[in-house]
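This report describes one protein model, beginning with its confidence and continuing with its sheet, annotated positions and nonpolar cores.

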Amino acid sequence: MAARPLVRRLTVAPLLAVGVTLLAPPPGTLPRALAQDCSQRATGEELPDNAGAHPLIGQLGLRQSWDLADGTGVTVGVLDSGVDGEHPDLAGAVARGAEFTVVPEEREFARTTPRVQDDCPGHGTAVAGVIAAGRGQGDRMTGVAPGASVYPVRIADGVDRATPATLAAAVDDAVAAEVDVLNLSFAYPVDVEPLRDAVARAVGAGVLVVAAAGNEGTEADEETPMYPAAYEGVLTVGAVGEDGQPLESSNAGEWVDLAGYGQELAVLAPGGGYRVEAGTSFATAQVSGAAALVLSRFPDLTAAEVAERLTASATPVGGGPGARTGAGIVDPFAALTHLEGEAAEGSDEAAARPGHIQVRPIPDDPPLLGATAATALAWTGGLLLAVVLGLLGAPAVRRAARRGWRAGPTPAERAATAPAPPAPKPPRLEWLRGTPPTNDRPQTRNRTR
């Protein structure tokens with residue numbers, strides 16, 4: 001059966017990709033009865049046969065990056081709605097992880113082990129696919145780091161409905177699982193202490209925390225920071241469109257560090273299909289995948305060093321840092337080849353441009369001879385030239401002396417070279433014999449008999 005066109009599903013539950021609206025109440029204030037119901041499960045469709053390579057491959061230069069690293073050996077924690085570990089494109093890449101459910105007790109939550117396919121709204125599966133989906137046939141689908149592993153931390157009631165203590169416990173669980181990168185594709189306008197402290201513990205433990213800026217379209221001058229994006233030590237990601245320009249829906253602020261592509265993209269859906277979604281959640285997943293590539297190639301780097309490498313090698317938007325894009329668009333290949341540091345003080349050697357392998361100037365060839373040897377050679381050449389000119393000019397000097405230094409040849413030379421006078425002709429007597437004369441003498445006829 002021919003594949004049906006890939007369409008955007010509008011009937012699924014609201015996605016975390018758009019963040020939490022600024023009008024929403026703080027985490028934990030919604031009653032248990034409003035928790036997500038898996039009767040509203042996200043579904044997907046088959047990719048069309050002519051889908052072509054996934055757009056991120058070209059936009060992020062992934063084929064060049066995969067020649068250097070593919071994320072092998074790196075684990076990315078995905079704190080989200082869950083991950084369908086049975087999706088064919090995530091086969092073997094997803095751990096069992098953990099599940100947190102809000103309970104009406106003093107402890108606020110219960111931790112269990114989720115089923116491998118549990119993900120009602122599909123947001124976590126989509127994020128995990130952008131990070132680590134295996135390369136499909138013809139590269140129609142792939143994650144940024146297809147060799148990386150995913151540790152899912154499922155919030156059964158939805159991240160936007162979880163209590164602060166539940167979110168904090170979920171972050172701590174990912175850290176205890178020794179993830180290298182923690183992807184937080186959600187954003188709150190409220191700073192809550194338990195989540196702030198948990199993120200600080202994760203940063204202190206050496207985990208690179210990557211968070212979404214959110215999609216409310218706030219301006220930089222509105223002074224509305226989003227959390228956990230604005231927490232200290234977090235690498236915060238905004239979104240640009242496929243033209244590389246900032247999306248107006250992407251929140252702005254001085255706490256935005258980097259950007260990824262947030263236009264509509266084909267993403268994984270629970271149950272094995274695909275759908276189309278957009279937002280800073282998926283831009284954040286791209287940065288988490290890029291971080292996995294860097295750590296795969298440079299496993300000894302600290303989280304801060306990875307973040308510095310990603311921002312220093314980013315492609316600037318509009319010529320410089322921006323409130324919606326930070327240092328610029330993430331560039332995995334540039335991050336993998338970025339040369340850090342500046343030239344030594346007093347050195348003429350320039351530091352490498354961010355994100356590029358340094359091109360060193362062609363060294364000047366040293367002279368074959370030193371200054372003294374070159375001078376001696378010049379004098380020798382001059383003397384030899386004088387001797388040759390003298391030898392060639394000696395005959396001319398002798399001839400000039402013989403003619404008294406007058407121009408032209410001497411009398412003896414002229415006599416020697418003068419042509420000999422012609423021999424006298426014998427008298428012509430033929431006309432006396434009556435033969436026709438051969439000269440100009442008047443012709444007469446001999447009349448004597």
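## Confidence and conventions

Over residues 429-435, pLDDT, the predictor's confidence in each residue on a scale from 0 to 100, stays under 50; the model has three contacts beyond four places in sequence for this stretch, contact meaning heavy atoms within 4.5 Å. Residues 1-36 likewise stay under 50 in pLDDT, and for them the model has 90 contacts beyond four places in sequence. The protein averages a pLDDT of 81, and 72% of the residues score at least 70.

This is a predicted model, in which local features need pLDDT of at least 70 and side-chain atom pairs count only at pLDDT 80 or more, while totals for chains, interfaces and linings use all residues. Residues are numbered from 1 along each chain as its sequence is written, and side-chain values use heavy atoms, with hydrogens and water left out.

## The sheet

An open sheet of mixed pairing is formed by eight strands in the order β3-β2-β4-β1-β5-β6-β7-β8. Helices (H or I, at least four residues) and strands (E, at least two) are DSSP runs, numbered from the N terminus; two strands pair if DSSP finds at least two bridges between them. The edges are held by β3 (109-112) and β8 (258-261), each with a single partner strand, so one side of each has no neighbour in the sheet. On average, neighbouring strands are turned by 25° against each other, direction ignored.

Strands β5 (residues 181-184) and β6 (residues 208-212) run parallel and are joined by four bridges. Within this pair, L182 of β5 stands opposite V209 in β6. Helix α4 (residues 164-176) packs on the sheet, touching β1 (75-80), β2 (98-102), β3, β4 (149-155) and β5. The direction of α4 makes about 160° with that of β4, where axes are lines fitted to C-alpha atoms, for helices over the stretch in contact, and angles run from 0 to 180 degrees between N-to-C directions.

## Annotated positions

An unreviewed UniProt entry lists D80, H123 and S281 for "active site"; such annotations may be inferred rather than shown by experiment. These residues span 202 residues in sequence, yet no two of their C-alpha atoms are more than 10.4 Å apart, so they gather at one spot.

D80 is found in strand β1 and is buried (under 20% relative accessible area, 1.4 Å probe, protein chains only), with a value of 0%. S281 lies in helix α6 (residues 280-297) and is also buried, at 1%.

## Nonpolar cores

The largest nonpolar core, a set of buried Ala, Val, Leu, Ile, Met, Phe, Trp, Tyr and Cys residues joined through side-chain atoms within 4.5 Å, has 60 residues. Those with the most contacts inside it are L208, V287, V306 and L310. Helix α6 supplies the largest share, 10 residues.

Technical notes: Buried means under 20% relative accessible area, exposed over 50%, partly exposed in between (1.4 Å probe, protein chains only).
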